[in-house]
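Me: I'd like a close look at one part of this model, please: the protein surface that faces the DNA, and how the protein chains come together behind it. Could you walk me through it in one go?

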There are 2 protein chains.
Amino acid sequence: MAANQKTKKQIVIEAAAKLFSDKGYSAASMRELAGRVGLEQASSLYNHIRSKEEALQEICFENARKFIDGITQIEATVFEPVQQVKALIDLHIQAATNDITSVTVFNDEWRHLSEPALSEFLALRKDYEERFKEIINKGIQSGVFKEVNSTIALHTILSGLKWIHYWYKPDRSSELEIVRNDIMLLLISGLEVND
Amino acid sequence: MAANQKTKKQIVIEAAAKLFSDKGYSAASMRELAGRVGLEQASSLYNHIRSKEEALQEICFENARKFIDGITQIEATVFEPVQQVKALIDLHIQAATNDITSVTVFNDEWRHLSEPALSEFLALRKDYEERFKEIINKGIQSGVFKEVNSTIALHTILSGLKWIHYWYKPDRSSELEIVRNDIMLLLISGLEVND
DNA sequence: CCTACCGATCGGTAGG
DNA sequence: CCTACCGATCGGTAGG
């Protein structure tokens, strides 16, 4: 299959991401999903995906993988805590603007995963957060960051980025650079020692 | 009725807030809500509330009112932008820790409101955000805040406070003062001109 | 507050 | 990919 060819499964998963972000996972029905991908019957969906939750899992884990890969690369190629946190903020901004609906589901609908997927997902999230926190701690130890509690700083920064996927629409791409600059100003200089 | 007496309706609404925050509005069933307040039959709930959505409306609008009242009082009693933003951050921290489940529903489940309640709710939220933004703009004009886009600053600050209601449990009350200090350090000094 | 019940809708299966 | 269909569950009503 050519690289630019989407499988029908991919089309279904992307439509599911949009539907889940529009209505929430529980309020989204397989009948509406079928309609959105041009199928008359919900039952036809089951030729492409095994279940409603499989769609949710694919979306959640694909995004988790994206963030884990991102931080892995940053750890390997950037070596100064300030620059690492900046790169992580960029990672979140890019994820939120490149793949809007998918990140919305990843942020808001993961709790509808059932076990064992739920625990696996939370383990990935915890891994990511611990590594992010470690970077903050390095910056505190080397004196470039304020002596704040690194857990508080972590959550404030991660949470402070979670409005972007709501706000962003493709016609706002020209404003992206301003958003990026202002967010860096607000979140990084809040963290940095400035004297 | 004495002030410390809860009506059964209030008990139902509070249990609904907890249930909606545990499962999400759509996945929460009236049968489970009945069980949580000691009723055998879901139908018995309808002696206290008119519908599932009425419970959601009460929760969302009670919290909206709390934030509107809070900013109204801050506008009337605090006059310097830095102190006003600090007071607003305190307002959010207090709401998130005094009324955890209720704020969770207010933050995450309002979109399940149907019209006309949805539009009324969004109008209240917009009013609150505009007044918060106005305070930020005043601070920028008077030179105490950086020249950032005030919409971006507004969303970054509001969003940056939205992890607290997840993190907070009553046994963490002793850590609250540290959280408050660190959040002020991160969000306020990110906004302030520091030279 | 309970009994009895309703129509609607849900995710999913069997079989072709 | 559709036809036909299933058992389960939903929010809510009527009546006492």
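Reply: The surface near DNA strand D is made up of 4 nonpolar, 8 polar and 4 charged residues. Please keep in mind as you read that this is a predicted model.

Let's stay with strand D for a moment. Both protein chains take part here: of the 16 residues around DNA strand D, the ones that come nearest are Ser44(A), Asn47(A), Met30(B), Arg31(B) and Lys52(B). If you look at which atoms of DNA strand D lie within 4 Å of the protein, 53% belong to sugar or phosphate, and the rest belong to bases.

Several polar contacts to the phosphates of this strand can be picked out. From chain A, the side chain of Gln41(A) places an N or O atom 3.4 Å from a phosphate oxygen of DNA strand D. From chain B, Ala28(B) uses a polar backbone atom, 3.0 Å from a phosphate oxygen of DNA strand D. Tyr46(B) uses a polar side-chain atom instead, which lies 3.0 Å from a phosphate oxygen of the strand.

Now turn to the other strand. DNA strand C is surrounded by 16 residues, and the closest are Arg31(A), Ser43(A), Lys52(A), Ser44(B) and Asn47(B). By class, the surface near DNA strand C has 4 nonpolar, 8 polar and 4 charged residues. Of the atoms of DNA strand C within 4 Å of the protein, sugar or phosphate accounts for 51%, with bases making up the rest.

The contacts to strand C include one to a base: an N or O atom in the side chain of Asn47(B) is 2.9 Å from a base nitrogen of DNA strand C. Phosphates are contacted as well. A polar backbone atom of Met30(A) is 2.9 Å from a phosphate oxygen of DNA strand C, and a polar side-chain atom of His48(B) lies 3.0 Å from a phosphate oxygen of that strand.

With both strands covered, here is how the two protein chains meet. Chain A gives 33 residues to the contact, and chain B gives 33 residues. Between them the chains bury about 2,500 Å², with 63% of that area on carbon and sulfur atoms. Three residues are worth selecting in your viewer: Ile152(B), Trp163(B) and Leu186(B) supply 25% of the area that chain B buries against chain A, more than any other three residues.

There is a polar side to this interface too. Chain B and chain A have 15 residue pairs in polar contact, and 2 salt bridges are found across their interface. One salt bridge joins Arg111(B) to Glu109(A), whose closest N and O atoms are 2.8 Å apart.

On chain B, the elements that give two or more residues to the side touching chain A are helix H1 (8-23), helix H7 (150-160) and helix H9 (176-191). H9(B) provides the largest share, 10 residues. By class, the side of chain B that touches chain A has 14 nonpolar, 12 polar and 7 charged residues.

Finally, the symmetry. Chain B is superposed on chain A by a rotation of 180° with 0.0 Å of shift along its axis, at an RMSD of 0.0 Å. The two copies are therefore related as by a two-fold rotation axis. The copies also meet through the same surface, because 100% of the interface residues of chain B are interface residues in chain A as well.

Key. Residues are numbered from 1 along each chain as its sequence is written. Chains are lettered from A and ligands numbered from 1 in the order in which they are written. This is a predicted model: local features need pLDDT of at least 70, side-chain atom pairs count only at pLDDT 80 or more; totals for chains, interfaces and linings use all residues. Side-chain values use heavy atoms; hydrogens and water are left out. A residue is near a molecule or strand if one of its heavy atoms lies within 4 Å of it. A polar contact is a pair of N or O atoms within 3.5 Å; within protein, one must be able to donate a hydrogen and the other to accept it, and residues adjacent in sequence count only if both atoms are side-chain atoms. Ala, Val, Leu, Ile, Met, Phe, Trp, Tyr, Cys and Pro count as nonpolar, Asp, Glu, Lys and Arg as charged, and the others, Gly among them, as polar. Contact means heavy atoms within 4.5 Å. Buried area is the accessible area (1.4 Å probe) that two parts lose on being put together, summed over both. A salt bridge is a side-chain nitrogen of Lys or Arg within 4 Å of a carboxyl oxygen of Asp or Glu. Helices (H or I, at least four residues) and strands (E, at least two) are DSSP runs, numbered from the N terminus. Copies are superposed by least squares on the C-alpha atoms of residues with pLDDT of at least 70 in both.
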